Amino acid sequence: MSDFRDKVILITGGTGSFGHAFLDRIMHEGFREVRIFSRDEMKQEQMRIALKNDRVKFYIGDVRSRESVDNAMKGVDYVFHAAALKQVPSCEFFPMQAVQTNVMGSHHVIESAIANGVDKLICLSTDKAVYPVNAMGITKALMEKTAQAASRKLSEGETVVSCVRYGNVMCSRGSVIPLFIKQIREGSPITITVADMTRFLLPLREAIDLVAFAFEHARQGDILIRKAPACTVADLVTALKNLFHSDVEERIIGMRHGEKIYETLATREELSKADDMGEYFRISMDDRDLNYNKYFTEGDSGNASLQDYTSHNTYQLSVAEVEELLLSLPEVAAELNQ
Ligand SMILES: O=c1ccn([C@@H]2O[C@H](COP(=O)(O)OP(=O)(O)O[C@H]3O[C@H](CO)[C@H](O)[C@H](O)[C@H]3O)[C@@H](O)[C@H]2O)c(=O)[nH]1
């Protein structure tokens, strides 16, 4: 990754899986200081003990409090904003909590970064922010809009604010792969929502690659996505059962609150103005001004034949390919070696 030798980096929500993996990636490069900003003192303590590194500093705070964000922001060069409420079900039941953390909290981070002269700010978003149907996705969509609204007001030389959109990070906390493995181990039925539901599959290392790519290539207001393959829930289950030599029963439980049958990483409108950068798409912000009249007369001549980029129409992994991908994940390898 880039040269961080003299730089101060702030990671909001830094005790989560992104914070750990990102820190791991940059640990051997020089950096002046990494600040881990989060609410949970226990997780910070565990991370402090595990790292034993004086250049990693810990800040207790909550993105909901601008004051606590400002306190951690002084002298920072780069910010990675990962703090969020991201469990779909809990955000469904407590949508205003999602508004406070994902919308107001992100607004605080963005405003504070700009006020403190930060060079680059990258906000972590999700495919669930595209055509959002659940409170988690809706609030992440608003985070993206907030970031882009701030970008539009910024000039050359000020903070470069950008977003990245993840698909499902494989094996992330509370996600389906660890659950299926647990069910296989216990011999309890595997609970399948809908067999042909699809999800983009993103190993954590590729999510970190995406952030690193955005760090190098994002321009003001951009949204970066990484192209990713997908698979159905049924194929994921078959692959796991093959790997664990299991013939455990499967039970169909139906869709959960706020779920979609497939996810979308980029809309056709976004793709019409995106740069295809090999493994990545770079989507520029809509920088039209509020004088919308001219667009009624001139229109937008984007490519009308484009399709949304979804987990249904991206490359679909075969069962053998899902097995191979699963085997490349340290969490799955560790389970298999037990
Ligand atoms: O018992 C289960 C649980 C899930 N699934 C299916 O497996 C797929 C993946 O489910 P996950 O729960 O791993 O992922 P989601 O797409 O639902 O979203 C997850 O990842 C999000 C971030 O991308 C948020 O963190 C969210 O809260 C978290 O549930 C979905 O099609 C889901 O319907 C099952 O078949 N059976």
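**Notebook: helices, core and ligand shell**

I began with Glu269, which lies in helix 10, residues 268–271. The model I am reading is a predicted one. I then looked up the surroundings of Glu269 and found 15 other C-beta atoms within 10 Å. A residue counts as buried at 20 or more such atoms and as exposed at 12 or fewer, so Glu269 is partly exposed. I also looked up the separation of Glu269 and Glu324, which are 55 residues apart along the chain; their C-alpha atoms are separated by 34 Å.

Next I turned to a pair of helices. The axes of helix 1 (residues 17–26) and helix 8 (residues 204–217) come within 10 Å and cross at roughly 70°. Helix 1 and helix 8 are therefore roughly perpendicular to each other. On the helix 1 side I noted Ser17, Ala21, Phe22 and Arg25, which meet Leu204, Ile208 and Val211 of helix 8. By type, the residues of this contact divide into five nonpolar, one polar and one charged.

I then consulted the largest nonpolar core, which has 86 residues. Ile11, Val79 and Val164 have the most contacts inside this core. I followed Val164 further: leaving aside residues up to four places away in sequence, Val164 touches Ile122, Leu124, Ser125, Leu210, Val211, Ala214 and Leu224.

Last, I examined the ligand. I found 16 residues around the ligand, the closest being Val88, Ser175, Val176, Thr191 and Thr193. Helix 7 (176–186) and strand 8 (190–192) each supply at least two residues of this shell. Its residues divide into six nonpolar, six polar and four charged.

Note on methods:
Residues numbered from 1 in each chain as written. Predicted model: local features only at pLDDT ≥ 70, side-chain atom pairs only at ≥ 80, totals over all residues. Near = placed C-beta within 6 Å. Helix = DSSP H or I, 4+ residues; strand = E, 2+ residues; numbered from the N terminus. Nonpolar A, V, L, I, M, F, W, Y, C, P; charged D, E, K, R; others polar. Axes fitted to C-alpha atoms, helices over the stretch in contact; angles between N-to-C directions. Parallel < 35°, antiparallel > 145°, perpendicular 65-115°, else oblique. Contact = placed C-beta atoms within 7 Å. Core = buried A, V, L, I, M, F, W, Y, C linked by C-beta atoms within 7 Å.
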